[in-house]
Amino acid sequence: MRIDRYLQLNTEYSLRQVRTLLLDGQVCIDDRVVRDPAREVSRFAKVVCDGIVLNDSRPCYLMLYKPGGVVSATEHPEHTTVIDLIPESYRQDLHIAGRLDLNTTGLLILTNDGHWSRRITQPESKVAKVYRVETAQPVVDEAEAVFQQGIYFRYENLTTLPAGLERISPRVSRLTLYEGRYHQVKRMFGYFANEVTALHRESVGGLVLDPGLEPGEHRHLTEEEIGLF
Ligand code: URA
């Protein structure tokens, strides 16, 4: 957004007053005086107008080891939310990039950078999500080919994208999805009347859950990890 419009929206000054403040050198973006009313302001810029700091938020990128029984939401009337697991000092404005069901465990990504998270969640990105799946029954031989072909979901009237299945043992598999439909893993195994008894997300697009994290713990992503998306 242009700085003049930004200041008009975020202060009590009129557009004419904003222009005067700009000309008088009373506006700084990231500690530099800005006089051009058309200068663009980015989401995380520090904006100071007439000595008042209007925006000084820093981008935040976290991985959380989501435990079971914690809801992937920012607020919930009964359950602990994933946001409750993050210190108050930096939980402000965080959102979830790809939710997990209540009892699903594993890698959850949280950020306040909507441009970045869209690259993970928008369907066109086709980011690989890898799940470790435990099932009540042994996985049948044909599952690999059926998952590769796609399964028709009547509710959405679509066929799932080709998914990779690796069988680790008769009741434990690793499934790679390139989309994120509602309860997708459970519904795919449900096609074979096979109940998912445990579900754990190991990675998202090359970002692997840190083996040093315990359930409920989080850490900031490194520059390299942020650069994966
Ligand atoms: N698919 C599911 O069924 N549940 C999840 O939490 C994630 C993917």
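Which atom of Lys186 lies 3.2 Å from an oxygen atom of the ligand? A backbone one, N or O. Keep in mind that this is a predicted model.

Let me stay with the ligand. The protein covers 94% of its accessible area, taking the 240 Å² that the ligand has on its own as the reference. Where does the ligand sit? The space it takes is the largest pocket.

Now the other polar contacts. Asp101 also uses its backbone: an N or O atom there lies 2.7 Å from an oxygen atom of the ligand. Thr104 uses its side chain. A polar atom of that side chain is 2.8 Å from a ligand oxygen.

Next, the shell. Who is in it? Going along the chain, we have Leu100, Asp101, Thr104 and Tyr131, then His183, Gln184, Val185, Lys186 and Leu199. By class, that shell splits into four nonpolar, three polar and two charged residues. Which element gives the most to it? Helix H6, residues 184-190, with three residues.

On to the strands. There is an open sheet of four strands, ordered E2-E1-E3-E4, with antiparallel pairing. Its edges are E2, at 32-33, and E4, at 52-55; each of these pairs on one side only.

Inside that sheet, take E1 and E3 together. E1 covers residues 27-29 and E3 covers residues 47-49. Three bridges link them, in the antiparallel sense. For a concrete pair, look at Cys28: Val48 in E3 stands opposite.

Then E3 to E4. Again these strands run antiparallel, joined by three bridges. Here Val47 faces Asn55 in E4 as its opposite number. How many residues lie between E3 and E4 in their hairpin? Two. In that turn, Asp50 has a positive phi, about 55°.

A general point for anyone viewing side chains here. In a regular strand, side chains alternate between the two faces of the sheet.

One more pairing, further along the chain. Strand E11, residues 164-169, runs antiparallel to strand E12, residues 172-177. Five bridges join them. Gly164 has Thr176 as its bridge partner in E12. The link between E11 and E12 is a hairpin, through two residues.

To recap the ligand site. Asp101 and Lys186 each place a backbone N or O atom by a ligand oxygen, at 2.7 Å and 3.2 Å. Thr104 adds a polar side-chain atom at 2.8 Å. And the ligand occupies the largest pocket. That's all from me.

How values were computed. Residues numbered from 1 in each chain as written. Predicted model: local features only at pLDDT ≥ 70, side-chain atom pairs only at ≥ 80, totals over all residues. Heavy atoms only, no water. Near = heavy atom within 4 Å. Polar contact = N/O pair within 3.5 Å; in protein donor to acceptor, adjacent residues only side chain to side chain. Areas by Shrake-Rupley, 256 points an atom, 1.4 Å probe, with all protein chains shown as cover. 1 Å grid on protein atoms, 1.4 Å probe; cavity = no way out; pocket = protein on both sides within 12 Å on 5 of 7 lines; lining within 4 Å. Sits in = over half its atoms within 2 Å of the grid points. Nonpolar A, V, L, I, M, F, W, Y, C, P; charged D, E, K, R; others polar. Pairing = 2+ DSSP bridges.
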